[in-house]
Amino acid sequence: MPELPEVETTVRGLETPLLGHRLKRVETRRADLRRPFPVDLRQRMTGATVTGLGRRAKYGLIETDRGDVMIFHLGMSGRWRIDPSEIGMHDHLVLETDAGRTLALCDPRRFGSVDLVRKDELPDFAPFKALGPEPLGPGLTGAYLAGALEGRAAPIKAMLLDQRIVAGLGNIYVCEALHMTGIAPPTPAGRIARKRLDRLVESIREVLGAAIEAGGSTLRDYARPDGELGYFAKQWLVYGREGEACRCGAPVLRRVDGGRSTFYCAKCQK
DNA sequence: CATGTGCCCTGGAAGC
DNA sequence: TGCTTCCAGGGCACAT
């Protein structure tokens, strides 16, 4: 379930096996995910040493001493398997380090992607060009949101999922943040009072922060035999809880907008 | 430009 | 048990 917190946790989990290590083997096991793997991926990554790991929105970044950055997106079903007992049919990219560790990018639905760009050309990487501010960074403020949403008639839920407004929010945490703030998902984005936007920003930070913390705990025990990164504990208040009681006692409802489920409480969210 | 819709792909869960 | 249907964390192309 890769949203921003899981990508962040994944990137942190890659530090130990990758940071400072030389890649002695880089193998793609098919030609593409959402789009083709870079044709020179193997050539440019083999023999390179990983000098840094990072994240931008829901993209993970792996930097090498050659000035390259491998950018991965986990799509809907992607995850890195660490030291898998065997390589499976959905392990589409496999890295082996000088320490003998194996990392497999597993993505059954193949909605993910892998790109390779020069570090100094990162700002020109097309998918990054239009991204809005990081939700956990200094760029996301009530004032910024007020400006970005001014005059917009679209539902606040759709606006928060738009990566050009805020980069990295996904369906789960948008539902959770709107619930925490008490804003109804269909509310026209441009008509939300500034004060509520301030609180929305706080909720976004709180919800993401808690999820990253939970992911961190998951990470600490992820050294299970299969070495897989685990899933986050499902501690959501509305997401995936249709029919259950909200904290207020009213039922959690589900509606579908643009083909995606929205979970909310009609009593808490106005 | 702003907004809404459909599709990419597979597997797991629920329904019958 | 076995078959069918529904559903899913994202992003993008395309129509209006």
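How much of the chain over residues 2-112 is helix and how much is strand, and how far apart are the end C-alpha atoms? Over that range the chain is 18% helix and 37% strand, with the end C-alpha atoms 10 Å apart; helices (H or I, at least four residues) and strands (E, at least two) are DSSP runs, numbered from the N terminus.

This is a predicted model, in which local features need pLDDT of at least 70 and side-chain atom pairs count only at pLDDT 80 or more, while totals for chains, interfaces and linings use all residues. Residues are numbered from 1 along each chain as its sequence is written, chains are lettered from A and ligands numbered from 1 in the order in which they are written, and side-chain values use heavy atoms, with hydrogens and water left out.

I turn to DNA strand B. The residues around this strand, each with a heavy atom within 4 Å of it, include Arg 34, Phe 111 and Pro 155. Of the strand's atoms within 4 Å of the protein, 66% belong to sugar or phosphate and the rest to bases.

Three polar contacts deserve mention, a polar contact being a pair of N or O atoms within 3.5 Å. Phosphate oxygens of DNA strand B lie 2.7 Å from a polar side-chain atom of His 90 and 2.5 Å from a side-chain N or O atom of Arg 152. For Ala 154, a backbone N or O atom is 3.3 Å from a phosphate oxygen of the strand.

Finally, helix α4 spans residues 142-149, and Gly 142, Leu 145 and Leu 149 are buried there, meaning under 20% relative accessible area (1.4 Å probe, protein chains only). These residues lie on the same side of α4 because they cover an arc of only 60° around the axis, taken from the directions from the helix axis to the C-beta atoms. Gly 151, which follows α4, has a positive phi near 75°.

Definitions and conventions:
A polar contact is a pair of N or O atoms within 3.5 Å; within protein, one must be able to donate a hydrogen and the other to accept it, and residues adjacent in sequence count only if both atoms are side-chain atoms. Buried means under 20% relative accessible area, exposed over 50%, partly exposed in between (1.4 Å probe, protein chains only).
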